Amino acid sequence: MRIFLAIYVFAIIAAVSILGFRGSISTKPPLEVFPDMDRQARYKPQAENDFFADGRNDRQVPAGTVARGDYFNQVEVFSEDFEDPRLGDTVFNQGKNADGSLVKKIPVEVSYELIQQGKEKYDIFCSSCHGAAGDGNGVTKPYGVLAANYHDARLRSVDDGHIFDVITNGKGLMLPFNDRISPEERWAIVLYVRALQLSQNANAEELTAVQRTELGL
Amino acid sequence: MANVFPKWVNTIPIKVIVAIILTVTAVVCGVTYYATPKYTRVGYAPIQPVAFSHALHAGQLDIDCRYCHTFVDRSEHSNVPAANVCMTCHSMVRKDDPMLAPVKTSYESGEPIPWVRVHKTPDYVYFNHSVHVNRGVSCVGCHGRVDEMDVVTHKESFSMSFCLDCHRNPEEHVRPPEEVYNLDWERPDTEDFKKEAVGFVHDWKVNPPQSCSGCHR
């Protein structure tokens, strides 16, 4: 019995010292104790695939094709009578008129909800360089990123299409954002940028008496 | 008649029983502790091809999760960003740092960076990110304080009971939708907030499935 107890205690100490405790950091992939169908021949996003020459599951958009709808409205896209109203609409998709000149005014209906959406997207994608107030003082400034200040006279006088075009295609050191921000969202950001510009150059005279009292002016 | 068995044999049955009980206890405790996801998965922190620090980017610089994981609110998959997203800043910031060489190579060649996947559910689990983040389930609930991690580490067990704990009592886990991406938000421990959470679950029709086919297909 003594021998058994000695082995027993030794086995427990050995197991604990080799296996450690829960939550300990490990760089080794997790052990799957009962791997019942845990890993199947299933196509997962951004995963590997030996079938294709480039080894990826996700396919690139073939050259020369035009997207009909997008991933997010695929049910509608595959319905019989689907018409993409935005297809070929350069004003909406590129911020440019058919002759290549920039669109003067936002071509979508402007609402408070659109400004809110623009603020959300602006805070995600733009504020780290352009700053929350649009003054070019984002968190990346100390690291050497030079971002435009929206409040200078030049940017206050540009067409709405110009701002849209810069988000879409980038400008100077700024890379394009068209892969991450949809045209709807880009127009929302344009609207919010316009609101930011107004906020820094507003004139108290333009407000109604009630609004001025509310603000204590 | 002389005794066939010596006297010490009398204690053998009790010793065998004690030995069996001890062994079975040790094996049951050992399997429960070591062969479950709380041990196998938690703490997994693989070495990544680029030493990207979420603590710096999401924590110190406070860049929104969706700057890189852009489609988490619209897709079942929270996308890992392509190198062009990194290059939005790193074409200017630390552009010649050897640490960023794989990013630069990937951006120029189009070959993806071989990131190591940390959080994996079994292939028969169909988890949808967008329905969770759009209904008040924060990133932090499953992924932990990623904004404090230099190396992304698996924090939660991702066992089925981990999912069901929340699916059975969503009102104890949801938060206001505008705080979903704010990882250091703390749930107020007040009666008012509890009422609000119950109201949110009702108003937004948060109805997490508890049937098998809700998640398993």
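User: Where do the domains of chain B lie along its sequence?

Analyst: A domain is listed by its residue range. In this predicted model, chain B splits into domain 1, residues 13-39, and domain 2, residues 116-215. Taken over C-alpha atoms, the centres of domain 1 of chain B and domain 2 of chain B are 34 Å apart.

User: Let's turn to chain A. How many helices and strands does chain A have?

Analyst: Happy to! Count the elements, then read their order. Chain A has 9 helices and 0 strands, and from the N terminus on the order reads α-α-α-α-α-α-α-α-α.

User: How do I read the radius of gyration of chain A?

Analyst: Set the value beside the one expected for a compact globule. For 217 residues such a globule would come out near 17 Å, whereas chain A has 28 Å. The extents add to the picture: along its principal axes, the C-alpha trace of chain A spans about 95 × 55 × 35 Å.

User: What share of the residues in chain A is buried?

Analyst: Here the cut-off helps: a residue counts as buried if 20 or more other C-beta atoms lie within 10 Å of its own. By that test, 18% of the 217 residues in chain A are buried. As for contacts in chain A with a separation of 6 or more, 46% of them join residues 24 or more positions apart.

User: Which residues touch the most other members of the largest nonpolar core?

Analyst: First, the general idea: in soluble globular proteins, nonpolar side chains tend to be buried together. In this model the largest nonpolar core has 47 residues, and Phe125(A), Ile167(A), Ile189(A), Val190(A), Tyr192(A) and Val193(A) touch the most other members. Both chains contribute to this core: the elements that each supply at least two residues include α4 (112-125), α7 (160-169) and α8 (183-200) of chain A, along with α5 (83-90) and α10 (191-203) of chain B. The top contributor is α8(A), with 8 residues.

User: Could we zoom in on one of them? What does Val190(A) touch?

Analyst: Good choice. It helps to set aside sequence neighbours. Leaving out residues up to four places away in sequence, Val190(A) touches Ile106(A), Asp160(A), Ile163(A) and Phe164(A).

User: And the contact between the chains: how many residues does each chain bring?

Analyst: Count each side separately, then look at composition. Chain A brings 36 residues and chain B brings 39. On the chain A side, α1 (2-19) and α4 each supply at least two residues, and α1(A) gives the most, with 5. By class, that side of chain A has 21 nonpolar, 9 polar and 6 charged residues.

Conventions
Residues are numbered from 1 along each chain as its sequence is written. Chains are lettered from A and ligands numbered from 1 in the order in which they are written. This is a predicted model: local features need pLDDT of at least 70, side-chain atom pairs count only at pLDDT 80 or more; totals for chains, interfaces and linings use all residues. Domain bounds come from an automatic or database domain assignment. Helices (H or I, at least four residues) and strands (E, at least two) are DSSP runs, numbered from the N terminus. The radius of gyration is taken over C-alpha atoms; the globule rule is 2.2 Å times the number of residues to the power 0.38. A residue is buried if 20 or more other C-beta atoms lie within 10 Å of its own, exposed if 12 or fewer, and partly exposed in between; C-beta atoms are placed from the backbone. Two residues are in contact if their C-beta atoms, placed from the backbone, lie within 7 Å. A nonpolar core is a set of buried Ala, Val, Leu, Ile, Met, Phe, Trp, Tyr and Cys residues joined through C-beta atoms within 7 Å. Ala, Val, Leu, Ile, Met, Phe, Trp, Tyr, Cys and Pro count as nonpolar, Asp, Glu, Lys and Arg as charged, and the others, Gly among them, as polar.
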